[in-house]
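Hi,

Here's the structure I said I'd pass on. Have a look at it first, then read on for what turned up.

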Amino acid sequence: MANITLLKGSKKLLNAWAFYDWANSVYSLVIASAIFPIFYGALFRAANIEKITIFGGEIARAPLISYTTSLAFVFIAVVTPLISGVADYLGNKRMFMKFFCYLGGVSCIGLYWFSLENIYFGLLCFFMGLVGFWVSFAINNSYLPDVAHPEQMDRISAKGFSMGYIGSVILLLFNLAMVMKPDFFGIETDENGVAELKAMKYSFVTVGIWWIIFSQYTFYYLPKGNKKEGERKNVILNGFRELKVVWKQLGGEIRLKRYLIAFFVYSMAVQTVMLIATYFGEEEIGWGTDSERTNGLIVSILVIQIVAVLGAMLTASVSKKFGNIKTLIGVNILWVVICIYAFFMITPMDFYIGAGCVGLVMGGIQALSRSTYSKFMPETTDTASFFSFYDVAEKIGIVIGTFIYGFVAQVTGSMRNAIVFLGIFFVIGVVLLLRVNKKKKLA
């Protein structure tokens, strides 16, 4: 069934594209950052165990979820370019985006049955939730040059991230109300579990429903995709061939290639900081009681999300005046300062200040990185294939960054040393960004 066709650059089309951030960002906040990590730890504490037997061996809870996450990102890094290439060839990337959106939403609902007794099913839902979120988000990113003109990209990219932060905070506040006052919502402790844990399970269901329902607005207005011409045999193999063509095109796009390398390095550090911030705060900050720790971490997550809205819009304004690359250089320098500051964090107030600073630069660097890549892309209809490189770079960076962070923390015995070590990647990112706009002499 054909959707309404809107002109590129039209306000309604741009808003529909940005609205997907509103739909899916609840996953990254409620599941990835806030409620699920607390629920996961509470399950093990309630059972009074630290290790669980799985696949014939015993493994501690932290490495188990860490390995599941790493494996998911390896899978995402492999499947994203494949899906993107096939989507561009068939000219129906909206169909693929829908599939992974629904896969993620249903997986979130499936987390309701996450338990130590059903650990395999629970981990599968966690795995598929990650896959659904990141692959559908990658396809949505690839729509940016299709729906927006170059002069519109910074603003609409920032608007998307801002809508995502606002929507996810609204749902998180509702979920936190359920967890903190379960009796108000009619959730009681019974033979099926503690009220607070049951409320957390209900929050996973709300994420899946929110994600699926609000994505419909985006799907209604987004175009189907650009159909490739020519024969349509061996579609899967043609997807890989398209990627080979894109790789050759990247070789001739010196500025785009330099930017991708810089993005890979600093994004590695950004994504790692975002993934480990909660764990760093839990282990290295003197909170006092367990409840003060939980409440403090939740407040910090909210601070990051709220300030990130301002950060995304502020960065878009600054880039309009000074240009994208200069702004990205400045933001990377701020990240270096934050990493150094993190080394000296001790009190909850220190952590709150750090969280505010992270929020300010987190939203900005993500939104501006996405729009900068769109601007540097050559004129092409292979937008999904081109954006798959962007997303694969980000995912491989996550795998490498989290591994290096864990390795440094293990060898030195301190997460503080590891966070400062990440600052080195931001320094390298600055150096590489300085090269992006340099003129290359022709051979």
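Before the helix packing, one bit of vocabulary: an axis here is a line fitted to C-alpha atoms, for helices over the stretch in contact, and angles run from 0 to 180 degrees between N-to-C directions. Also keep in mind that this is a predicted model.

So, α9 and α12: their axes are 11 Å apart, and the two helices pack at an angle of about 155°. Angles over 145 degrees count as roughly antiparallel, which means α9 is roughly antiparallel to α12. Their crossing is left-handed. On the α9 side the contact includes Tyr 259, Phe 263, Met 274 and Ala 277, and on the α12 side Phe 351, Ile 365 and Leu 368 are among the residues involved. By class, that contact has 15 nonpolar, 5 polar and 1 charged residues.

Now the empty space. How many cavities of 30 Å³ or more does a search of the whole structure find? There are 2.

The largest has a volume of about 180 Å³. Of its 15 lining residues, Val 273, Ala 277, Met 345, Phe 351 and Val 358 lie nearest the centre. The elements giving two or more residues to this lining are α9 (254-284), α11 (324-343) and α12 (348-376). The lining has 14 nonpolar residues, 1 polar and no charged ones.

The second largest cavity holds about 40 Å³. Its lining includes Asp 154, Thr 315, Ser 319, Gly 364 and Leu 368, with α6 (150-180), α10 (290-322) and α12 each giving two or more residues. Here the split is 5 nonpolar, 4 polar and 1 charged.

Cheers

Terms used:
Residues are numbered from 1 along each chain as its sequence is written. This is a predicted model: local features need pLDDT of at least 70, side-chain atom pairs count only at pLDDT 80 or more; totals for chains, interfaces and linings use all residues. Side-chain values use heavy atoms; hydrogens and water are left out. On a 1 Å grid over the protein atoms alone, a cavity is a set of points where a 1.4 Å probe fits but cannot get out, and a pocket is an open set with protein on both sides within 12 Å along at least five of seven lines; lining residues have an atom within 4 Å of a point. Grid points are joined across faces, edges and corners, and a volume is the space filled by probe spheres set on the points. Helices (H or I, at least four residues) and strands (E, at least two) are DSSP runs, numbered from the N terminus. Ala, Val, Leu, Ile, Met, Phe, Trp, Tyr, Cys and Pro count as nonpolar, Asp, Glu, Lys and Arg as charged, and the others, Gly among them, as polar. Angles under 35 degrees count as roughly parallel, over 145 as roughly antiparallel, 65 to 115 as roughly perpendicular and the rest as oblique. A crossing is left-handed if the near helix is turned anticlockwise from the far one by less than a right angle, and right-handed if clockwise. Contact means heavy atoms within 4.5 Å.
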